[in-house]
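Let's take a walk through this protein together, from its overall build to the spaces enclosed inside it. Have the structure open as you read.

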Amino acid sequence: MSTRTFADANEVAQHAARHIADLLTQKPDATLCLASGETPIPTFRALVELAQTGHANLNECTFVGLDEWVGFGPTDEGSCGYYLYRDLFDPLRLRPEQIRYFDAKASDLDRECRKIDQFLTERGGLDLLLVGIGMNGHIALNEPGTPFTNRCHVVELAEMTKTVGQKYFTQPTELSHGITLGLQHLTEAREVILMATGERKRDVIQQAVEGPVTEAFPASIIQQHPNAHVWVDFAV
Ligand code: PGA
């Protein structure tokens, strides 16, 4: 794991977008998984700009969805898919077959999990996983206490996640469960970027990179990954 501090959130985004573009030059058919949430939005915009100016080729890669609120789909404002489509997939004009996303409205969510697990196995795992960090140290919707060995699973959301998650919605929204890739997928990803911007993330990032590696604080798993980058815009 390596840590790098940038001047501001825009610098983090520019660096991350160029990094993804470089990866796609080396491996155009890479399998990518990029988190939604506030943190990666500037990266998405920077990546779209690189693609639109001919500096990134996203025509052959595949995106796998990281997580979703159970009961929500990409057309529901506030869902994880909503922001991914708005800021990344639609501007990039991706073909439908380039996107594999959980159907978090499916009646059989365990089957959804198995489908994504199987897809990732067939693709040989993720080439790049870009994640943010929750205010309780969650990664994707892997809440504190989740085994590091979990693959896709359905999760009961932590109270803090339900509360903080309100920021994505225009009106109070009941959130109870999530469907998410597991931390085993992070372990098996060839490269991981953990990105955090803004002072409010300083303490959780510090705990992730300097605290004990424990399932009680999921983001601490980053310390175990041999090819992980922690990119922040504040001094850790
Ligand atoms: P945020 O979400 O980027 O909106 O802060 C991070 C997370 O909860 O993983």
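The protein chain has seven helices and 10 strands. Please keep in mind that this is a predicted model.

**Overall build**

Along its principal axes, the C-alpha trace spans about 45 × 40 × 35 Å. Is the chain compact or extended for its length? A compact globule of 236 residues would have a radius of gyration near 18 Å, and the protein chain has 16 Å, so the value agrees with a compact globule. Of the 236 residues, 56% are buried. Among contacts with a separation of 6 or more, 78% are between residues 24 or more positions apart.

**Cavities**

Rolling a probe the size of a water molecule over the atoms shows where empty space is left. In this model, three cavities of 30 Å³ or more turn up. Two of them are set side by side here.

| Cavity | Volume | Lining by class | Top contributor to the lining |
|---|---|---|---|
| Largest | about 420 Å³ | 15 nonpolar, 11 polar, five charged residues | H5, three residues |
| Second largest | about 40 Å³ | eight nonpolar, three polar, no charged residues | H6, three residues |

Which residues lie closest to the centre of the largest cavity? They are Ser36, Gly37, Gly134, His138 and Tyr168, out of 31 residues in the lining. Strand S4 (67-69), helix H3 (80-89) and helix H5 (159-164) each supply at least two residues of that lining, and H5 gives the largest share.

The second largest cavity has leucines in its lining, including Leu66, Leu129, Leu181, Leu183 and Leu186. Val131, Ile139 and Ala140 also line this cavity, together with Asn142, Gly182 and His185. Strand S6 (128-131) and helix H6 (183-188) each provide at least two of the lining residues, with H6 giving the most. Charged residues are absent from this lining, whereas the lining of the largest cavity has five.

**A strand with two faces**

Strand S7, residues 153-156, is a good place to zoom in. Which of its side chains are buried? His153 and Val155 point to one face and are buried, while Val154 and Glu156 point to the other face and are not. The side chains thus alternate along the strand. S7 runs antiparallel to strand S8 (residues 177-180), and four bridges join the two. If you look across from Glu156, you will find His177 of S8 standing opposite.

Methods: Residues are numbered from 1 along each chain as its sequence is written. This is a predicted model: local features need pLDDT of at least 70, side-chain atom pairs count only at pLDDT 80 or more; totals for chains, interfaces and linings use all residues. Side-chain values use heavy atoms; hydrogens and water are left out. On a 1 Å grid over the protein atoms alone, a cavity is a set of points where a 1.4 Å probe fits but cannot get out, and a pocket is an open set with protein on both sides within 12 Å along at least five of seven lines; lining residues have an atom within 4 Å of a point. Grid points are joined across faces, edges and corners, and a volume is the space filled by probe spheres set on the points. Ala, Val, Leu, Ile, Met, Phe, Trp, Tyr, Cys and Pro count as nonpolar, Asp, Glu, Lys and Arg as charged, and the others, Gly among them, as polar. Buried means under 20% relative accessible area, exposed over 50%, partly exposed in between (1.4 Å probe, protein chains only). Two strands pair if DSSP finds at least two bridges between them. The radius of gyration is taken over C-alpha atoms; the globule rule is 2.2 Å times the number of residues to the power 0.38. Contact means heavy atoms within 4.5 Å.
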